[in-house]
Amino acid sequence: VVSTAVLKKSRNLNQGFDDYFENYYFSVEENKIGWKAKGIAADANDMAFQWLEQNQKEKFFLFINYYDIHAPYIEQEGFSNQFETDTDEIYSYLEERWTEIPNPSWKIDSITNYDRSIAYTDHHIQNLIEKLENLNLDHTTIVIVTSDHGNGLYQHFDYWGHGKYLY
C-alpha cells in the first residue's frame, strides 16, 4: 500500500509485488495528481486490513507506506488540538532543544503540525499492530518501522525540510 504518487505504479515500483495498492488523492493543486499527491494513514490501513483478512493464511510480505508526516499536512480529526502552540510547555520544549526559539509564530505552527502528523501516524501503526493481534498474526509476523529521512525543524541554521544538511 503506497500513500504517495512518488511511489506510483507507472514508475515500475510495483515489480515483485503480487498486489500493489495506491492510496493517494489529496493534492497541493486541486484536481491535479502531482508528485505531492498523498493519501492518509486511515485509508492505507483500510486497504491493508482488507488484504490481510484475505491473505492471513498465507506467508506474506506487506509494505505500508504512510505519508502523513510529509508536508503538506492534512488536519485530522482528533489530532488537530494536540500540541497546542501557545503554551508554556511548547516554549520550554523549544528552549531545551533549539538554540533560539523559532520566530515568527508560524514556524512553531509548522513544528506543531509535524508533531500532530507523527501522533496521527503513530495511532494508525498501533491500529495495524492491533489488527495483527486480532487475526492471531502477531506472534508470526515481524513488523519493521522505518523512515526515508528526518526533517529539519528550524534547529539548525533556521532550516525547515530535508536534503540540504546532514542533521
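Patches are made of residues with over 30% relative accessible area and no salt bridge, with like charges joined within 9 Å and nonpolar side chains (Val, Leu, Ile, Met, Phe, Trp, Tyr) within 5 Å. In this predicted model, local features need pLDDT of at least 70 and side-chain atom pairs count only at pLDDT 80 or more, while totals for chains, interfaces and linings use all residues. Residues are numbered from 1 along each chain as its sequence is written, and side-chain values use heavy atoms, with hydrogens and water left out.

With that rule in hand, Phe17, Phe61 and Phe63 make a nonpolar surface patch of about 310 Å². Accessible areas come from the Shrake-Rupley method with a 1.4 Å probe, and for residues only the protein chains shown count as cover. Phe63 is found in the loop between α1 and α2 (88-97). Because its relative accessibility is 37%, Phe63 counts as partly exposed; the classes are buried under 20% relative accessible area, exposed over 50%, and partly exposed in between (1.4 Å probe, protein chains only). Phe17 and Phe61 also appear in an aromatic cluster, together with Tyr20.

Turning to the overall fold, the protein chain has three helices and two strands, following the pattern α-α-α-β-β along the sequence. These elements are DSSP runs numbered from the N terminus (helices H or I, at least four residues; strands E, at least two). Of the 167 residues in the protein chain, 35% are buried. The accessible surface of the chain comes to about 11,300 Å², and 48% of this belongs to carbon and sulfur atoms. Among contacts (heavy atoms within 4.5 Å) with a separation of 6 or more, 58% are between residues 24 or more positions apart.

The interior comes next. A nonpolar core is a set of buried Ala, Val, Leu, Ile, Met, Phe, Trp, Tyr and Cys residues joined through side-chain atoms within 4.5 Å. The largest such core has 18 residues, and those with the most contacts inside it are Leu52, Ile64, Tyr66 and Leu128. Two or more residues each come from α1 (41-55) and α3 (105-134), and α1 gives the most, with six residues. Apart from this core lies another, of seven residues, including Ile90, Ile111, Tyr114 and Leu153. In soluble globular proteins, nonpolar side chains tend to be buried together. Leu52 illustrates the packing in the largest core: not counting residues up to four places away in sequence, Leu52 touches Phe60, Leu62, Leu128, Lys131, Leu132, Leu135 and Leu137.

Two of the residues touched by Leu52, Phe60 and Lys131, take part in other pairings. Lys131 forms a salt bridge with Glu53, with the closest N and O atoms 2.4 Å apart. A salt bridge is a side-chain nitrogen of Lys or Arg within 4 Å of a carboxyl oxygen of Asp or Glu, and a search of the whole structure finds one. The pair links distant parts of the chain, with Glu53 in helix α1 and Lys131 in helix α3, 78 residues apart. Glu53 counts as partly exposed because its relative accessibility is 41%, whereas Lys131, at 15%, counts as buried.

Phe60, for its part, forms an aromatic pair with Trp51 that is edge-to-face, at 5.7 Å centre to centre and 80° between the planes. Rings of Phe, Tyr and Trp (its six-membered ring) pair if their centres lie within 6.5 Å; planes under 30 degrees apart count as stacked, over 60 as edge-to-face and the rest as tilted. The count by this rule comes to five aromatic pairs. Trp51 is buried, with a relative accessible area of 12%, while Phe60 is partly exposed at 27% relative accessibility.

Some smaller topics complete the picture. Helix α3 holds Ser117 and Ser110. Ser117 counts as buried at 7% relative accessibility, and Ser110 counts as buried at 16%. Leaving aside neighbours within four places in sequence, Ser117 is in contact with Asp68, Ile69 and Tyr73; with the corresponding residues left out, Ser110 touches Tyr73, Tyr154 and Trp160. Gly39, found in the segment before α1, counts as buried because its relative accessibility is 0%. Gly39 and Ser3 are 36 residues apart in sequence but 4.7 Å apart in space, C-alpha to C-alpha. Not counting residues up to four places away in sequence, Gly39 touches Ser3, Asn23, Tyr24, Tyr25 and Asp68.
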